[in-house]
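Me: I'm new to this one and would like a relaxed tour. Could you put it up so we can talk it through?

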Amino acid sequence: MEKLYIKGGREPLEGRVRISGAKNAVLPVLAATLLTDELMTIGNVPHLNDVTTTIELLRQMGISVVIDERMNLEVNSSTISSFFAPYEVVKTMRASVLVLGPMLARYGYARVSLPGGCAIGSRPVDIHLESLRKMGAKVDVEDGYIIASAPYMRGADIELPGRTVTGTENLLMAATLARGVTTIRNAAREPEVVDLARCLRKMGADISGEGGDVITVRGRERLHGCGFDVLPDRIETGTFLTAAAMTGGKVRLENTSAGLVDTILCKLTESGAHINTGNGSIEIDMRGERPRGVSIETAPYPAFPTDMQAQFTSLNAVADGSGVVTETVFENRFMHVQEMQRMGADIVVRGNSAYITGSRRLKGAPVMATDLRASASLILAGLVAEGETVVDRIYHIDRGYECIEEKLSQLGADIHRVSA
Ligand code: EPU
């Protein structure tokens with residue numbers, strides 16, 4: 001089992017770092033390749049375990065995926081021979097449920113394992129299933145599998161009972177090949193949904209309204225292949241900005257976009273950061289100062305992202321003053337708190353809020369990552385803690401951050417990976 005060793009409490013992070021393509025954008029785009037039997041070429045793909053898992057799933061289904069040395073992918077799904085996503089894959093990566101909508105729309109049948117709960121909450125997919133039923137599909141759950149079939153998908157007017165990112169994406173993909181018009185109300189507005197719509201439109205889909213509450217899709221008989229570059233990862237962007245803020249550093253992020261991280265930049269400015277944005281770049285300068293405590297409340301886009309909650313908990317733990325972090329998206333996303341407390345953080349959780357009083361110094365300790373963003377927050381805490389922090393179970397971090405230790409080392413951090 002690999003671990004990350006971090007010697008913290010030293011120099012502020014300084015330098016430049018290149019942001020990778022977005023995990024949560026590339027996964028739906030890979031699923032969208034099922035909607036055409038023509039060649040899809042995908043660029044700006046991050047080298048992540050979740051991407052490898054999705055490629056493995058597509059290959060198991062008989063689809064050809066060719067990867068070049070720069071991680072450009074060529075996907076040809078004309079050779080598909082199975083419409084099955086097994087439990088072994090879906091249990092490691094919930095986003096595999098994204099193959100359901102496209103498979104059903106294009107081939108009229110899909111058998112996909114039910115994802116089940118995960119560390120951050122129960123995370124049901126009831127909204128995905130109910131919406132596909134409204135489009136005429138027969139959807140049953142048997143022995144832990146979703147079995148869905150439909151001679152064709154039918155356009156429908158669907159009001160989602162809750163905002164769901166992958167639910168909106170599944171429905172959006174299914175609607176591109178449906179007969180008639182589909183209206184998705186209370187749609188998720190996340191940039192990754194917009195990016196998927198941009199890709200589908202390049203494939204010939206007729207979509208309008210993405211980025212707003214109502215998305216309208218006029219079904220087409222077929223879609224075609226295209227080349228598509230995935231948008232930058234806004235959570236990786238936010239994580240590096242927070243790392244710079246916590247260490248009092250000065251860092252320039254490249255290949256990203258300030259428009260993707262507005263709320264995060266506002267909160268960092270409130271905590272004392274000086275931010276300069278350019279075309280494709282963001283520079284943060286703390287001028288050697290310790291950040292001030294800030295309060296945040298997570299909610300669907302465009303509000304503050306739940307995927308940055310743990311990192312801001314970490315920032316508050318070392319800030320001057322105090323902050324309240326409230327989580328409204330997932331019911332159990334404070335598991336990093338216990339680990340931070342072991343590093344000396346002063347945090348009290350009541351209900352869905354964490355009350356944090358910043359400490360000037362955290363102490364390095366062995367800690368355990370419980371999910372992807374929790375692992376990131378513990379690494380950030382380790383950067384500013386006195387002494388050595390050892391982060392265990394880092395397979396979580398490899399799911400969603402490309403070369404995190406190389407990128408942090410490039411900025412001057414003392415961090416390295418050890419295989420036990
Ligand atoms: N929900 C339901 N029923 C459904 C679907 C969702 O009750 O059918 C609930 C969930 O339990 C949750 C809320 O709705 O309480 C929002 O969940 P959502 O469906 O939006 O989450 P998701 O699509 O499963 C994506 C990201 C997550 C990110 C969330 C929220 C991908 C692949 N994953 O998950 O990313 O936290 O949206 O923004 O896009 C991460 O990258 O670390 C990560 C967990």
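Here is our chat about the ligand, a helix, some rings and a few single residues.

Me: What kind of model is this, and how are residues numbered?

Reply: It's a predicted model, where local features need pLDDT of at least 70, side-chain atom pairs count only at pLDDT 80 or more, and totals for chains, interfaces and linings use all residues. Side-chain values use heavy atoms, with hydrogens and water left out, and residues are numbered from 1 along each chain as its sequence is written.

Me: Which residues are closest to the ligand?

Reply: A residue is near a molecule if one of its heavy atoms lies within 4 Å of it. The ligand has 20 residues around it. The closest are Asp-126, Thr-164, Thr-166, Asp-307 and Val-329.

Me: Which side chain has an N or O atom 2.6 Å from an oxygen atom of the ligand?

Reply: We're looking at polar contacts here (pairs of N or O atoms within 3.5 Å; within protein, one must be able to donate a hydrogen and the other to accept it, and residues adjacent in sequence count only if both atoms are side-chain atoms). Ile-127 uses a backbone N or O atom, 2.8 Å from a ligand oxygen, and Val-329 also uses a backbone N or O atom, at 2.7 Å. The side chain asked for, at 2.6 Å, belongs to Asp-307.

Me: How much of the ligand's accessible area does the protein cover?

Reply: Those polar contacts include one from the backbone of Val-329, 2.7 Å from a ligand oxygen. On its own, the ligand has 830 Å² of accessible area (Shrake-Rupley method, 1.4 Å probe; for residues, only the protein chains shown count as cover). The share covered by the protein is 85%.

Me: Which helix gives the largest share of the shell around the ligand?

Reply: Helices here are DSSP runs of H or I with at least four residues, strands are runs of E with at least two, and both are numbered from the N terminus. Helix 1 (23-32), helix 5 (126-134), helix 6 (165-176) and helix 12 (372-384) each bring at least two residues to the shell. The largest share is 3 residues, and it comes from helix 5.

Me: Which residues of helix 5 are buried, and what do they pack against?

Reply: Buried means under 20% relative accessible area, exposed means over 50%, and partly exposed is in between (1.4 Å probe, protein chains only). In helix 5, that makes Ile-127, His-128, Leu-129, Ser-131 and Leu-132 buried. Their packing partners are helix 4, strand 8 (138-142), strand 9 (145-149), strand 10 (157-159) and helix 6.

Me: Is Ala-105 buried or exposed, and which residues does it touch?

Reply: Ala-105 is found in helix 4. It counts as buried because its relative accessibility is 13%. Contact means heavy atoms within 4.5 Å. Leaving aside neighbours within four places in sequence, Ala-105 touches Leu-35, Met-153, Met-173, Ala-174 and Leu-177.

Me: How many aromatic pairs does the structure hold, and what is the geometry of Phe-83 and Tyr-107?

Reply: Rings of Phe, Tyr and Trp (its six-membered ring) pair if their centres lie within 6.5 Å; planes under 30 degrees apart are stacked, over 60 edge-to-face, and the rest tilted. The structure holds 3 such pairs. Phe-83 and Tyr-107 sit 5.0 Å centre to centre with 40° between the planes, so this pair is tilted.

Me: Where do these two rings sit along the chain, and how far apart in residues?

Reply: Phe-83 is in the loop between strand 5 (73-76) and strand 6 (84-85), while Tyr-107 is in helix 4 (residues 100-107). The pair links distant parts of the chain, with the two residues 24 residues apart.

Me: Why is the pair of Phe-304 and Phe-312 edge-to-face?

Reply: Phe-304 is buried, with a relative accessible area of 5%, and Phe-312 is buried at 0%. Their ring centres are 5.0 Å apart, and the pair is edge-to-face because the planes are at 75°.

Me: Which residue's backbone oxygen lies 2.9 Å from a polar atom of the side chain of Gln-309?

Reply: Gln-309 lies in helix 10 and is buried, with a relative accessible area of 0%. Among its contacts, leaving aside neighbours within four places in sequence, are Thr-298, Phe-304 and Arg-333. The backbone oxygen at 2.9 Å belongs to Arg-333.
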